[in-house]
Amino acid sequence: MRIIFFGDIVGKPGRYAIKKILPKWKKKYQPDLIIANGENMAHGRGMTEKCLKEILDAGIDFVTSGDHILDQENTNVLLTNKEIPLIRPANMLKNTPGDGYRIIQVRTKKILIINLIGQSFMKEEYDNPFIEINKILENEEDEADIIIIDWHAETTAEKVCMGWHVDGRVTALLGTHTHTPTADTRILPKGTAFVSDVGMVGIQNSSLGADKDIAVKRFLTGRHISLRIPKEGAVEINAILFETNKYNLAKKIERLKEIVAF
Ligand SMILES: [Fe+2]
Ligand SMILES: [Fe+2]
């Protein structure tokens, strides 16, 4: 089974790049499943039904998220609709709407897709993701063939340690949230495909997909000025392609990167 995973899609340029690249990559890589992190799709903050439909129509099969998932109104309607292939981090507080994981059928395989969020340097409080993943795997691993985790966290230490915590127990653990790709893409010793951060799908000459001049001004003045998504520019598309073996662990992991004009 071949799976493509896109990191955080940022705003309209990110959504545009997904539509642009998918026909080409589908032909080239023949993926069985395409997953994307959509937490920044609506102008950098959360998602709307319209943005979600846009990327699902473009060919994304399943959408994960992170700390920005509830930034827009009415996201709870999307999260609680079981027909919509969208999850939020499993270790968010218990009254958060939606599911932290789902099992989907792809060809002959049952695929468990889990979303987890880190605790280090995050603004909100979350339950312990290391304990949460143990609970989820204990309850669900017998139900699934392939297990994929979107690991939405800030620090590389927390991300790497989760790698050691789940190595050999899941097919892939792919980091999101920092929007910056890391060079540690590999298969861990017990067979889990791992990367600390996939990187974003967003404007390249930016700060994490947002206007760089405003972002620099925020650092310079200490004032919380609203960020803006640039209206044009080159978009960098960061994704991971991985392939599973007969044990439902990773056979191959490769980083995909392309630039498209917006
Ligand atoms: Fe993000
Ligand atoms: Fe995030």
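**View 1. The second largest pocket of this predicted model has a mixed lining of 5 nonpolar, 1 polar and 4 charged residues.** Welcome to the model, which is predicted; we begin with the second largest pocket and its volume of about 150 Å³. The residues to look for along its wall are D67, I69, L70, D71, M92, L93, T96, E124, E125 and Y126. Keep D67 in mind, since this lining residue returns in a later view as a donor to the iron ion (ligand 2).

**View 2. The largest pocket holds about 1000 Å³ of space.** Lining this pocket are 30 residues. To find its middle, look for R45, H68, K123, R218 and L227, which lie nearest the centre. Sorted by class, the lining contains 11 nonpolar, 10 polar and 9 charged residues. Why can a pocket be found at all in a set of atoms? Rolling a probe the size of a water molecule over the atoms shows where empty space is left.

**View 3. Four residues, D8, E39, N40 and H179, coordinate the iron ion (ligand 1).** The donor atoms are OD of D8, OE of E39, OD1 of N40 and NE2 of H179, at distances of 2.1 to 2.2 Å. Why is this arrangement called irregular? The 4 donor atoms subtend angles of 87 to 171°, and this range makes the arrangement irregular. Along the chain, the donors follow the spacing D-x30-E-N-x138-H. The pair D8 and H179 links distant parts of the chain, 171 residues apart. You will find D8 in the loop between β1 (2–6) and α1 (11–29), while H179 sits in the loop between β7 (172–176) and β8 (186–187). Are these two donors buried or exposed? D8 is buried, with a relative accessible area of 0%, and H179 is buried too, at 7%.

**View 4. The iron ion (ligand 2) is held by E39, D67, H152 and H177.** Here the donor atoms are OE of E39, OD of D67, NE2 of H152 and ND1 of H177, again placed at 2.1 to 2.2 Å. The angles among the 4 donor atoms run from 86 to 144°, and the site is irregular. Reading along the sequence, the donor residues are spaced E-x27-D-x84-H-x24-H. Within this set, E39 and H152 link distant parts of the chain, 113 residues apart. E39 belongs to the loop between β2 (33–37) and α2 (49–58), and H152 to strand β6 (residues 146–152). Both are buried: E39 has a relative accessible area of 1%, and H152 has one of 0%.

**View 5. E39 coordinates both iron ions.** How far apart are the iron ion (ligand 1) and the iron ion (ligand 2)? The two ions are 3.5 Å apart. With E39 in the centre of attention, you can trace D8, N40 and H179 as the other donors to the iron ion (ligand 1), and D67, H152 and H177 as the other donors to the iron ion (ligand 2).

**View 6. Q30 and F121 each have a positive phi in a residue other than glycine.** Most residues other than glycine have a negative phi, and most peptide bonds are trans. For Q30, phi is near 50°; for F121, phi is near 55°. Where do the two residues lie? Q30 is in the loop between α1 and β2, and F121 is in the loop between β5 (109–117) and α4 (129–140). Q30 is exposed, with a relative accessible area of 52%. F121 also counts as exposed, at 73% relative accessibility.

**View 7. I117 and D150 are separated by 33 residues in sequence and by 8.4 Å in space, C-alpha to C-alpha.** I117 can be picked out in strand β5. Is I117 buried or exposed? With a relative accessible area of 0%, I117 is buried.

**View 8. Two cysteines, C51 and C161, have their accessibility shown here.** C51 counts as buried, because its relative accessibility is 4% and buried means under 20%. C161 is partly exposed, with a relative accessible area of 42%. How many disulfides does a search of the whole structure find? The search finds 0 disulfides.

Methods:
Residues numbered from 1 in each chain as written. Chains lettered and ligands numbered in written order. Predicted model: local features only at pLDDT ≥ 70, side-chain atom pairs only at ≥ 80, totals over all residues. Heavy atoms only, no water. Disulfide = S-S within 2.5 Å. Buried < 20%, exposed > 50% of the residue type's maximum accessible area, 1.4 Å probe, protein only. 1 Å grid on protein atoms, 1.4 Å probe; cavity = no way out; pocket = protein on both sides within 12 Å on 5 of 7 lines; lining within 4 Å. Points joined across faces, edges and corners; volume = space filled by probe spheres on them. Nonpolar A, V, L, I, M, F, W, Y, C, P; charged D, E, K, R; others polar. Donors = N, O, S within 2.8 Å, 3.2 Å for Na, K, Ca; no water. Tetrahedral: all angles 85-135°; square planar, octahedral: opposite > 155°, others 65-115°. Helix = DSSP H or I, 4+ residues; strand = E, 2+ residues; numbered from the N terminus.
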